[in-house]
Amino acid sequence: MSLSKFYKKSIKERRLIIQSLKDIPLSEMNLLNHESYIPNDKLDLMIENVLGYYPLPFGIATHFNVNKKEYLIPMVIEEPSVVAAASKSAKIAKIHGGFSSGPIQPLMIGQIQICNIDSKEERNEIFEYIHKNKDNLICFLNKQDPVLIEHNGGVKDIQIREITNNDQLFIILHVIVDVRDAMGANIINTMVERLADKLRPEIPGRINLRIISNLAIHRVAKSRAIFDKDALGGKEIVKNILDAYFFALNDPFRAATHNKGIMNGIDAVAIATGNDFRALEAGAHAFASFSGQYLPLTRYFLHPEGHLIGEIELPLAMGTIGGMISKHPGAQLSLKIMDINSAEELCQVTAAVGLAQNLAALRALADEGIQKGHMKLHKRI
Ligand code: MEV
């Protein structure tokens, strides 16, 4: 049996083809034939070569208070103990007022790579053209998206950078766009492609890539909480958590796992709300190594009264409209459960979830270890 024109077949036909190719019993193959709130015809348009559904649990983390508002947190994740751990930390944070998350500007970066710059004169010509025409170019781009402008978004700046590969110079343009409540990938990618078309006849060199940067350093979310020393388990646990943090601060091998724990929470919220968790992962890890050393995305300090102060800082490019978010009924339901009104609010809450998740992991590791709790929960299934 051939896979030719596989993409043109119906979902059921595709399942039958794979079943016979791999000699899998029909009963097993029918696992994928699960009815859901996304009908088959819509599912078939979401990605290519669809065979069916792959369910994951949808859970709710509780006790979150962020900027004085109570939240229920939808989390889609396969790993036991993540939801319980986040809820537990949120409960501890509540003793001293919950999480405070700062304002976040929804500024995203689109990059344009200019190659084949053959002389200093050509390089100067590009710099001069961009500097002289920056306002006009911004105006031109903003005219392309009147809806974004109506909502006070739009292009805010065009920045120019230089990088070299051996002796080869690349000029890199950064188009900074306020994407409002969107994650921004579609807006940004459209903007940079239009700008590239406009620039091509005007400047020397060859325009190559035109694409979003997932290192969203202008869209950084920050959250902070005080974790009560007694609720954490006492002075010794606080000291152990601080030592665990210092371990991550000075060892990239540990920092990677420390940050993985943070992303357990962030990715789960991202999936539940229809956001692109791969983009968040890429941004988070690039940000973690932005100083030249891979660092933890959270920090911990001792409070004067012996409690633990926790802070998180990472780029969070999450939206509440656009793409999958607006189309997926599950994502819409999650936003309703969270009672979220803007992308900024979603990022503020998600940053708090990341901090809660990390604190929970460190607390378990610094005390009884994670296997005991983990295994208890694993045994249930
Ligand atoms: C497991 O998914 C996450 C942890 O390894 C995180 C950490 O070690 O900090 C428990």
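This report walks through a predicted model, from its domains to a sheet, a pocket and a few single residues.

## How the chain is divided

Let us start with the overall layout. The protein chain falls into three parts: domain 1 covers 7-46, domain 2 joins 58-104 with 220-378, and domain 3 spans 107-213. Taken over C-alpha atoms, the centres of domain 1 and domain 3 are 43 Å apart.

## A sheet of four strands

Next comes an open sheet whose four strands run in the order E5-E6-E4-E7, with antiparallel pairing. Strand E5 (154-165) and strand E7 (206-213) each have a single partner strand, so they form the edges, and one side of each is left without a neighbour in the sheet. On average, neighbouring strands of this sheet are turned by 20° against each other, direction ignored. As general background, strands of a sheet pair through backbone hydrogen bonds, in either a parallel or an antiparallel way.

A good place to look closely is the pair made by E5 and strand E6 (residues 168-178), which is antiparallel and held over 11 bridges. Within this pair, Ile163 stands opposite Phe170 in E6.

Two helices pack on the sheet. Helix H5 (residues 120-143) touches strand E4 (107-115), E5 and E6, and the direction of H5 makes about 155° with that of E5. Helix H7 (residues 185-199) touches E4, E5, E6 and E7, and the direction of H7 makes about 165° with that of E7.

## Strand E8 and its partners

Now follow the chain to strand E8 (residues 220-227). This strand is mostly covered, with six of its eight residues buried.

E8 pairs with strand E3 (residues 100-101) in the antiparallel sense over two bridges, and Ser101 has Ser223 in E8 as its bridge partner. E8 also pairs with strand E10 (residues 308-315), again in the antiparallel sense, over eight bridges. In that pairing, Ala221 stands opposite Leu314 in E10.

## The largest pocket

The largest pocket has a volume of about 1,500 Å³. Its lining is made up of 46 residues, and those nearest the pocket centre are Met46, Ile271, Gly274, Met324 and His328.

Several helices give two or more residues to this lining: helix H3 (40-46), H7, helix H10 (252-272), helix H11 (277-288), helix H12 (323-327) and helix H13 (329-338). H10 gives the most, with seven residues. H7, met above as a helix that packs on the sheet, is thus also among the elements that line the largest pocket.

## Residues worth a closer look

Some single residues deserve a visit too. Lys5 has a positive phi of about 55°, although it is not a glycine. Lys5 sits in the segment before helix H1 (11-22) and counts as partly exposed because its relative accessible area is 46%, a value between the 20% and 50% limits.

Ser81 is another residue that is not a glycine but has a positive phi, here about 85°. Ser81 belongs to the loop between strand E2 (69-76) and helix H4 (82-94).

Finally, Asn250 is found in helix H9 (residues 235-250). With a relative accessible area of 58%, Asn250 is exposed, because that value is over 50%. Asn250 and Gln293 are 43 residues apart along the chain, and their C-alpha atoms are separated by 9.1 Å.

Key:
Residues are numbered from 1 along each chain as its sequence is written. This is a predicted model: local features need pLDDT of at least 70, side-chain atom pairs count only at pLDDT 80 or more; totals for chains, interfaces and linings use all residues. Side-chain values use heavy atoms; hydrogens and water are left out. Two strands pair if DSSP finds at least two bridges between them. Axes are lines fitted to C-alpha atoms, for helices over the stretch in contact, and angles run from 0 to 180 degrees between N-to-C directions. Contact means heavy atoms within 4.5 Å. Buried means under 20% relative accessible area, exposed over 50%, partly exposed in between (1.4 Å probe, protein chains only). Domain bounds come from an automatic or database domain assignment. On a 1 Å grid over the protein atoms alone, a cavity is a set of points where a 1.4 Å probe fits but cannot get out, and a pocket is an open set with protein on both sides within 12 Å along at least five of seven lines; lining residues have an atom within 4 Å of a point. Grid points are joined across faces, edges and corners, and a volume is the space filled by probe spheres set on the points.
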